[in-house]
Amino acid sequence: MLEVLKKGPRTTGEPEAPVADAPFEPVDTILDISGGKRSFIEAEEAKELLSPLTKAGNSYRRICFSNRSFSIHAANVVGPILESVKNQLTEVDISDFVAGRPEDEALDVMRIFSKALEGSVLRYLNISDNALGEKGVRAFSELLKSQENLEELYVMNDGISEDAAKALSELIPSTEKLKVLHFHNNMTGDEGAMYIAEMVKRSPNLESFRCSATRIGSDGGIALSEALGTCTHLKKLDLRDNLFCVEAGLALSKTLPKLSDLVELYLSDLNLANKATVAIVNALKQSAPQLEVLELAGNEINAKTAPALAECLTAMQSLKKLTLAENELKDDGAVVIARSLEDGHADLKELDVSTNMLQRVGARCFARAVANKPGFVQLNIDGNFISDEGIDEVKDIFKAGKNSLDVLGSLDENDPEGEPDDGDDDEDVEDDEDEDGLNSKLQNVKAEHDD
């Protein structure tokens, strides 16, 4: 339960960065009714579930009502109970607590909870998964307006549009103490991003900012990138699955040197292309050698980025996870990048280069790069064009190394008969070298490895 409260809800397939664990506390400081299947709560059940809060001298400071859908009658029971303990509460999770209710009823329930909790001094608030929109955000007006000490705010999967983002920015009086601000999976867009950027500017102590899958384009991405320059304590930055494109990527590259505490950086599916990717990795090489997680999947990058990326990776000796999936590196890029990973990188646990038009040579290079790393967990080379002979060679490399074949991920999507597209990936990309040229590079890598 402590982990649920600290991290917020987890969307399937979306890894969540851990927040610092809280000191161990007695069980009776937390009331969690979120377990089991989602259920609809009526008045009598609400009274029973919340009865521990009505006992004199109780010490509950954290509540989690997620995964329960409260009717208006249940909310009328809950309201007075919450009001009686609001001065002792510090963490409130009311994510996903009106699911399946008609809009009018859901809004009334939100208003009742909001009024009951008004004036509480919270450090943590989770109102995710409630399809809020602007109406929902404003239904929480009384609660939000009274919060000046929030350290963690989760507003994920809430239908946060431009108007809702504006309302949120207006209603929260102070974000100076915020350390965690998560907006994953909303409909914010460029216009809404401007209001989120204003909140970010007012949050100099942010350590974890997530604004992934929010339909933000170039203009919004530029605004956010510039605003993040005030967050010099940032450790985790997640901007995945937006439409930043090159311009916003270049703006981000200018901000990254200010974020010297970064540990995790998620920049997949942003349409960065070669130009912005090179600018970003050049910035990271100087400012974030301590990075442990780097994701650059799905950015339409090819072998042209490999030298800059390899230099960056050479500097990142603390790297634990590297994701370059769904790009167009081909064997040309694979040889250069794999070579940068082979020496050092003792902490590397995961490498994902799936769907990169790799063939036999590239696959062997990546296998050789990780075959002897202690504690390595998984190499994903699926979705490529690796011949059956190449797969056998990869397996032989692992058998001869210190890691077992278990670290080799699934190959169900590999197409041994397929070939990379011979068309130009980018107007300034040189033609791929032939197999002999790549094999020559591989032999150089092997010779240095053997030495």
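Where is the place of isoleucine 94: in which loop, between which strand and which helix? Isoleucine 94 sits in the loop that runs between strand E5 (91-93) and helix H4 (103-117). Keep in mind that this is a predicted model. Being in a loop doesn't put this residue on the outside: because buried means under 20% relative accessible area, isoleucine 94, at 0%, counts as buried. Leaving aside residues up to four places away in sequence, isoleucine 94 touches Phe65, Phe113, Asn126, Ile127, Asn130 and Phe140. There's also leucine 125, which is 31 residues from isoleucine 94 in sequence, with the two C-alpha atoms 7.9 Å apart in space.

**The chain as a whole**

Stepping back, the protein chain is built with 16 helices and 15 strands. It has 451 residues, and buried ones make up 55% of them. Now take the contacts with a separation of 6 or more: 88% of those in the protein chain are between residues 24 or more positions apart. As for the surface, the chain exposes about 18600 Å², and carbon and sulfur atoms supply 46% of that.

**Cysteines**

How many disulfides does the structure hold? Zero. A disulfide is a covalent bond between the sulfur atoms of two cysteines. Two of the cysteines are worth a look anyway. Cysteine 312 has 0% relative accessibility and counts as buried, and cysteine 365, at 2%, counts as buried as well.

**Salt bridges**

Side chains of opposite charge can pair when their charged atoms come close. A search of the whole structure turns up 22 salt bridges. Here are three of them, with the N to O distance for each.

| Basic residue | Acidic residue | N to O distance |
|---|---|---|
| Arginine 138 | Glutamate 134 | 3.1 Å |
| Arginine 138 | Glutamate 170 | 3.3 Å |
| Arginine 210 | Aspartate 238 | 3.4 Å |

Let's start with arginine 138, whose side chain meets glutamate 134 and also glutamate 170. The partnership with glutamate 134 stays inside one element: both residues lie in helix H5 (residues 133-139), four residues apart, about one turn of the helix. The salt bridge between glutamate 170 and arginine 138 links distant parts of the chain, with glutamate 170 in helix H7 (residues 162-171), arginine 138 in helix H5, and their positions 32 residues apart.

Are these side chains buried or partly exposed? For glutamate 134, the relative accessible area is 31%, so this residue is partly exposed. Arginine 138 is partly exposed too, with a relative accessible area of 34%. Glutamate 170, at 46% relative accessibility, also counts as partly exposed.

The salt bridge of arginine 210 with aspartate 238 has its closest N and O atoms 3.4 Å apart. This pair also links distant parts of the chain: arginine 210 is in strand E9 (residues 208-210), aspartate 238 is in strand E10 (residues 236-238), and they are 28 residues apart. Here both partners, arginine 210 and aspartate 238, are buried. Elsewhere, salt bridges with shared partners join Arg62, Glu91, Arg123, Glu151 and Glu152 into one network.

**Serine 287 in helix H11**

Serine 287 belongs to helix H11 (residues 273-287). With a relative accessible area of 10%, serine 287 is buried. What does its side chain reach at 2.9 Å? That would be the backbone oxygen of alanine 283. A polar atom of the serine 287 side chain also lies 3.4 Å from the backbone oxygen of leucine 256. Not counting residues up to four places away in sequence, serine 287 touches Leu256, Pro257, Leu259 and Ser260.

**Two positive phi angles**

Which residue in the loop between strand E13 (321-323) and helix H13 (330-342) deserves a closer look? Glutamate 326 has its place there, and its phi is positive, about 55 degrees, although it is not a glycine. Lysine 330 is another non-glycine residue with a positive phi, near 55 degrees. Lysine 330 lies in helix H13. Its relative accessible area is 5%, so lysine 330 is buried.

Conventions
Residues numbered from 1 in each chain as written. Predicted model: local features only at pLDDT ≥ 70, side-chain atom pairs only at ≥ 80, totals over all residues. Heavy atoms only, no water. Buried < 20%, exposed > 50% of the residue type's maximum accessible area, 1.4 Å probe, protein only. Contact = heavy atoms within 4.5 Å. Areas by Shrake-Rupley, 256 points an atom, 1.4 Å probe, with all protein chains shown as cover. Disulfide = S-S within 2.5 Å. Salt bridge = Lys/Arg side-chain N within 4 Å of Asp/Glu carboxyl O. Polar contact = N/O pair within 3.5 Å; in protein donor to acceptor, adjacent residues only side chain to side chain.
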